[in-house]
Amino acid sequence: STLLCCAPTLAAAEQVKSTAGLLPCSNEAAAYMKWLIWGLFSLTLLSILLFSPGRQPPPLQPAFSGNAASSEHSVSELSFGRQGSRSLNDARIGEQHGSPQVDGAGTMPAGESRATMSHSSIGGHPQASSKNDFFIVIGFPIGADARNSERRQLLRELWMPEYPNIGKTVGVHFVIGLLTYQGDGHDDQTVERLYREQREYGDLALVNAREPTRDPYRGDPKCTGEKIVAWFQHLVVSHRGARFFIKADWDTWIHTTKLEHNLRLLAAANEPAYFGNTLWCSYSVKDFQPCGYGFGPLQAAGAKKVECPPLPNGADAVGPFPYAAGLFWGLSYDVVRWIAGSRLVYDFVHNASARYEPPYWIKGEDSAFGFFVHISPFSSLTPSHWGWEVVHDGWEYRSAAERGLCTHNVTKRSIVVHSMHTREDFEKARRHFRERCDKSCETAEEPFEVSGLKDLCSRNPRIPQVYSKCEHAGFAAATEHTPLGLSPLPRPRCRSEGDRVPFIASKAQGGTIICD
């Protein structure tokens, strides 16, 4: 009878009846079913018209004003979402470098293609393929307040649309700690602002770390080190296929096309890499402070004897060693992975992050990462020095009193210029790069002025005496160098023995836990 009463007309019902050998249904039931079937047919036709290709339903809008993204943009607070300008994290065009392909965003459901996810982009640039990993990921550690939100917008509007590899082979993150310098969560206004910004652009790396502590003798908070370690710990999984990770100050303009060309030449060596412009210092680990600065190893060795002893624990300062200056430095994936998973680094950071009064990690983010590389198992790794004509402060953005060895005008050799502070400064940097770097400049090799350990140690017969790594390049052991006298905290293996008790404690405290 169900089959019969689903017939759209009485005649059809009679046909079904005669075929199936069933009794006819009433005229009222047949009429009712006629109108019901026609109603279902009309709804089906309406659905086809509304949802056919080219007639997609409007996207759901989030409950806030502004340039809204689709509901697919939701990301967890601790994940790295997609980029706004040029769909920055939608694209993964690069090389796998022998690594398994992994998803670049922390919240992508398994099996879902990023190519199906849309969102707005500055300048209307089309989305690229989503299949491959970035070759380079650049992180700008930056504050959570409104002033720094305006700074991020400068980079999105002026720098990100400038180079076609941004969002394709070069990824960009703004690295922000989810905690204040005192270890509290941000206030409601800051949380709301970051939420809206992440929904719109998807380029914030929101990490479980404190924003920098405040030095009463400095105008801005320092240091970003805790955030960078937290960022590294996420990157080694979320960007497993990337080859290089770069930290840059927010007031830095990077010619990413020229940078990528030169880093692909560096990648061909297939060796661990650390690069930028090098300075030298020693590091007092218990004081969380660098000391004994110099432009070279001999100058730093002399400064160590004067500057380190006044620190409370300065007599044990490790060094001297080179580090890449904080305006711009980079590491290959294998070195980042070691830093992210090192027990020594973990102990250092957790010791520092538990402190709210001196000694605390207040300065020396760049020198601390140089220290991490110095104590790493990469015994022959030393930072390659690009030179102050390639990576430099901008002459136009520094006062006469601030100009020096590190300050230059933009030229065809420039890859990185630093120290812009206003929109006019950024526009000037963009104009100078356009005027002074043509197509041949973009693919010009800029060799490192100091290319590696053997090159460095052979520059002066005194260098191997103060820099301990020279021994790994065939030189005699250093005689004026202080090694690290600390080991990672013990990680004992524990087990439970004896009768069960309703709490967890060591045997000495009446519990059952014994640790080797």
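**Cysteines, strands and burial in the predicted chain**

Cys406 has a relative accessibility of 18% and therefore counts as buried, since the term applies under 20% relative accessible area. This value, like the others in this section, was computed from a predicted model. Cys281 also counts as buried, because its relative accessibility is 0%. The cysteine sulfur closest to that of Cys281 belongs to Cys291 and lies 7.3 Å away, which is too far for a bond; a disulfide requires two cysteine sulfur atoms within 2.5 Å.

The chain as a whole provides the setting for these residues. Its secondary structure comprises 15 helices and 14 strands. Of its 516 residues, 49% count as buried. The surface exposed by the chain amounts to about 24700 Å², and 55% of this area is supplied by carbon and sulfur atoms. When contacts between residues at least 6 apart in sequence are considered, 73% of them join residues at least 24 apart.

The disulfides were examined next. Four disulfides are counted in the model. If the bonded cysteines are numbered in sequence order, they pair as 1-2, 3-4, 5-6 and 7-8.

One of the four disulfides is formed by Cys291 and Cys308, whose sulfur atoms are 2.1 Å apart. Distant parts of the chain are linked by this pair, the two cysteines being 17 residues apart. Cys291 is located in strand 7 (residues 289-294), whereas Cys308 is located in the loop between helix 8 (297-307) and strand 8 (318-332). The torsion about the S-S bond of Cys291 and Cys308 is about 100°, so this disulfide is right-handed. Both Cys291 and Cys308 are buried.

Another disulfide joins Cys437 to Cys441, with an S to S distance of 2.0 Å. Here the torsion about the S-S bond is about -95°, and the disulfide is therefore left-handed. Cys437 counts as buried because its relative accessibility is 6%. Cys441 counts as buried as well, its relative accessibility being 5%.

A further disulfide connects Cys494 with Cys515, the S to S distance being 1.9 Å. Cys494 belongs to strand 13 (residues 494-496) and Cys515 to strand 14 (residues 513-515), so the bond ties together parts of the chain that are 21 residues apart in sequence. A torsion of about 105° about the S-S bond of Cys494 and Cys515 makes this disulfide right-handed. Cys494 has a relative accessible area of 46% and is therefore partly exposed. Cys515 is likewise classed as partly exposed, because its relative accessibility is 41%. In contrast to these two residues, which are partly exposed, Cys291 and Cys308 are buried.

Attention then turned to the strands. Strands of a sheet pair through backbone hydrogen bonds, in either a parallel or an antiparallel arrangement. Strand 1, which spans residues 136-141, is mostly covered, with six of its six residues buried. The cover extends to both faces of strand 1. On one side, Ile136, Ile138 and Phe140 are buried; on the other side, Val137, Gly139 and Pro141 are buried.

Strand 1 pairs with strand 2 (residues 170-179) in the parallel sense, over six bridges. Within this pairing, Ile138 has Val172 of strand 2 as its bridge partner. Helix 4 (residues 146-159) joins strand 1 and strand 2 in making a β-α-β unit, and this unit is right-handed. Strand 1 also pairs in the parallel sense with strand 4 (residues 244-248), over four bridges. In this case Gly139 of strand 1 has Lys247 of strand 4 as its bridge partner.

An open sheet is formed by four strands in the order 5-12-10-11, and its pairing is mixed. Strand 5 (252-254) and strand 11 (407-408) are the edge strands, each pairing on one side only. Strand 11 and strand 10 (residues 391-394) pair in the parallel sense over two bridges. In this pairing, the bridge partner of Asp393 is Thr407, a residue of strand 11.

Note on methods. Residues numbered from 1 in each chain as written. Predicted model: local features only at pLDDT ≥ 70, side-chain atom pairs only at ≥ 80, totals over all residues. Heavy atoms only, no water. Pairing = 2+ DSSP bridges. Buried < 20%, exposed > 50% of the residue type's maximum accessible area, 1.4 Å probe, protein only. Right-handed = clockwise from strand over helix to strand, strands pointing away. Contact = heavy atoms within 4.5 Å. Areas by Shrake-Rupley, 256 points an atom, 1.4 Å probe, with all protein chains shown as cover.
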